[in-house]
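Biologist: I would like to learn how to read packing, burial and backbone features from a set of coordinates. Could we take them one at a time?

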Amino acid sequence: MKLWAGRFQKETDTLVNYFNSSIEFDARLYRQDIAGSIAHAEMLGKTGIIEPHEAETIIAGLKAILTDVEAGEVEFSLDDEDIHMNIEAILTQRVGEAGKRLHTARSRNDQVAVDTRLYVKEEIPVLIGQVLDLEKVLVKKAKVNLDTVMPGYTHMQRAQPTTFAHYMMAYANMFKRDVTRLEDCLERLDECPLGAGALAASTYPVDRFQTAAALGFQKPTDNSMDSVSDRDYAIELLSALSILMMHLSRFSEEIILWCSWEFKYVELDDAYSTGSSIMPQKKNPDVAELVRGKTGRVYGNLVTLLTVMKALPLAYNKDMQEDKEAIFDAVDTVGLCLPVFAAMVDTLTVRPKDMAKAAAGGFINATDCADYLVKKGLPFREAYMIVGRLVNLCIKTGDTLDTLTLRDFRAISGLFDADVYQALALKTCVNGRKVYGGPARESVEKQIALIEEFVEARANV
């Protein structure tokens with residue numbers, strides 16, 4: 001019998017039962033639902049809304065259900081629609097009349113709100129831990145590649161010299177922001193909606209501060225109507241995860257390019273590559289490609305929930321049942337991607353010679369050549385024009401700036417002297433960029449230290 005059967009004269013159609021049901025996906029909330037119910041029962045007993053012995057019976061029953069669910073001895077029913085009704089139905093079957101008192105001063109609206117918040121509260125620290133593990137890998141790679149010179153790109157054209165360590169720290173800073181976004185989301189959602197009821201709280205003297213404390217929340221939510229209709233925290237989570245996946249996808253694209261024969265900057269470990277069913281020479285970057293592909297999946301979850309919530313009037317609407325699959329799938333997807341991506345990066349082999357060879361071409365020291373002239377007193381715009389003429393000369397002759405003769409240099413500007421070759425050496429170009437945040441060795445070492453401090457500060461939280 002449905003919990004609302006008193007109002008209805010007909011049984012719910014089987015098709016509607018199936019369409020309405022969420023137990024197939026929200027069953028994973030059983031721990032959160034039982035925790036919320038135990039906190040609610042404790043409060044009911046303490047405030048005298050139900051008898052203390054009834055609260056004790058309910059709590060013992062709920063704990064036994066939890067044990068049995070985790071032992072695989074409970075089968076949830078589609079007829080009971082969702083995890084909340086399933087747990088309550090099982091409880092009532094086991095403990096009798098006391099079980100019927102559990103729902104006093106409570107609605108499924110505040111139940112689902114507290115269950116989902118508890119789930120997100122538990123999952124965010126796990127995801128943060130995985131991002132921090134990736135940060136450790138990037139630090140490790142950076143430390144051994146402080147002097148590995150490579151081209152930096154703009155518009156996918158070789159632009160200026162940098163190092164592999166500097167590159168790794170660029171991504172480390174992206175993932176650092178991802179961690180802080182998740183932390184911000186966690187801080188904002190740390191309010192308990194339990195006790196908000198359907199939307200207008202309750203005439204019973206419920207103690208929302210007690211249930212909030214029992215469930216580990218900082219405080220109860222401030223408005224009962226907002227409590228049951230708010231999914232901002234879920235949207236914020238999906239937004240943070242989408243940005244995180246965007247960063248993983250950008251990094252994946254770089255790795256896919258770098259391990260190609262056209263670049264050959266890195267070599268992926270065999271354990272994190274796959275082959276072809278027909279081409280025996282192939283070594284495919286499937287991990288990076290799948291991460292790149294799964295990014296769209298997480299984006300889709302964000303758009304799904306934004307669209308579900310668009311134009312929804314207050315307070316709860318059944319549309320909001322669609323939040324959980326989007327949340328679960330995004331959390332599962334990101335949680336799947338992060339460890340395998342970190343392992344792929346950790347095990348890849350950097351190829352410094354190929355990077356250095358690429359850096360030697362493309363005139364990536366052209367800006368440094370212009371700066372050389374500026375330091376001799378020439379305005380930058382004039383220096384820029386002179387170096388442009390030198391590049392044109394190199395293109396015609398097949399030279400690079402490094403291989404031009406001093407006579408070639410001086411034919412275009414008498415300010416050039418023999419020291420130009422030292423100024424144009426790639427390591428000189430890189431290590432001369434000692435500006436805070438730049439690619440010089442000493443600058444990157446500071447960047448590494450900052451990421452290490454960031455990770456360490458969260459190690460024991």
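Biologist: How are α11 and α12 oriented, roughly parallel or roughly antiparallel to each other?

Modeller: One note before that: this is a predicted model. The general idea is to take the angle between the N-to-C directions of the two axes; over 145 degrees counts as roughly antiparallel. Here helix α11, residues 232–258, packs against helix α12, residues 286–309, at an angle of about 160 degrees, and α11 and α12 are therefore roughly antiparallel. Their axes are 8 Å apart.

Biologist: Which hand does the crossing of α11 and α12 have, left or right?

Modeller: The crossing of these two helices is left-handed. Sorted by class, the residues in the contact of α11 with α12 are 17 nonpolar, six polar and four charged.

Biologist: Helix α12 also meets α13. At what angle do the axes of α12 and α13 cross?

Modeller: At roughly 160 degrees, with the axes coming within 9 Å. The cut-off used above applies again, so α12 and α13 are roughly antiparallel to each other. The crossing of α12 and α13 is left-handed.

Biologist: Which residues of α12 and α13 meet?

Modeller: From α12 the list is V287, A288, V291, K294, R297, V298, N301 and L305. From α13 it is D323, A326, D329, A330, T333, V334, L336, C337, V340, F341 and M344. By class, the contact of α12 with α13 has 13 nonpolar, two polar and four charged residues.

Biologist: C337 is in that list. How many disulfides does the structure hold?

Modeller: The general test is whether two cysteine sulfur atoms lie within 2.5 Å. The count here is zero disulfides. For C337, the nearest cysteine sulfur belongs to C259 and is 17 Å away. For C429, the closest cysteine sulfur is in C369 at 9.2 Å, which is too far for a bond.

Biologist: Are C337 and C429 buried or exposed?

Modeller: The cut-off for buried is under 20% relative accessible area. C337 has 2% relative accessibility, so C337 counts as buried. C429 also has 2% and counts as buried.

Biologist: Let us go to the N-terminal part of the chain. How are α3 and α4 oriented to each other?

Modeller: The reading is the one used before. The axes of helix α3, residues 30–47, and helix α4, residues 52–70, cross at roughly 170 degrees and come within 8 Å. The two helices are therefore roughly antiparallel to each other. On the α3 side the contact is made by Y30, R31, I34, S37, I38, A41, E42 and G45. On the α4 side it is made by P52, A55, I58, I59, L62, K63, I65, L66, V69 and E70. The division by class is 12 nonpolar, two polar and four charged.

Biologist: Where does I58 sit, and which residues is I58 in contact with?

Modeller: I58 is in helix α4. Leaving aside neighbours within four places in sequence, I58 is in contact with A41, I50, L91, A98, G99, R101 and L102. I58 and A41 are 17 residues apart along the chain, and their C-alpha atoms are separated by 6.9 Å. The relative accessible area of I58 is 0%, so I58 is buried.

Biologist: E42 is also in the contact of α3 with α4. Which residue of helix α9 is in contact with E42?

Modeller: Q210 of helix α9, residues 208–214, is in contact with E42, M43 and K46, leaving aside neighbours within four places in sequence. Q210 is buried, with a relative accessible area of 17%.

Biologist: What does the backbone show at E81 and at M156?

Modeller: The general idea is to check phi in residues other than glycine. E81 has a positive phi of about 70 degrees and is not a glycine. E81 lies in the loop between α4 and α5 and is buried, at 4% relative accessible area. M156 has a positive phi near 60 degrees, in the loop between β1 and β2.

Biologist: Where is a cis peptide bond found?

Modeller: Omega is the angle to inspect. A cis peptide bond joins L314 and A315, with omega about 10 degrees. A315 is in the loop between α12 and α13.

Biologist: Is D270 buried or exposed?

Modeller: D270 is exposed, at 61% relative accessible area. D270 lies in the loop between β5 and α12.

Technical notes. Residues are numbered from 1 along each chain as its sequence is written. This is a predicted model: local features need pLDDT of at least 70, side-chain atom pairs count only at pLDDT 80 or more; totals for chains, interfaces and linings use all residues. Side-chain values use heavy atoms; hydrogens and water are left out. Axes are lines fitted to C-alpha atoms, for helices over the stretch in contact, and angles run from 0 to 180 degrees between N-to-C directions. Helices (H or I, at least four residues) and strands (E, at least two) are DSSP runs, numbered from the N terminus. Angles under 35 degrees count as roughly parallel, over 145 as roughly antiparallel, 65 to 115 as roughly perpendicular and the rest as oblique. A crossing is left-handed if the near helix is turned anticlockwise from the far one by less than a right angle, and right-handed if clockwise. Ala, Val, Leu, Ile, Met, Phe, Trp, Tyr, Cys and Pro count as nonpolar, Asp, Glu, Lys and Arg as charged, and the others, Gly among them, as polar. Contact means heavy atoms within 4.5 Å. Buried means under 20% relative accessible area, exposed over 50%, partly exposed in between (1.4 Å probe, protein chains only).
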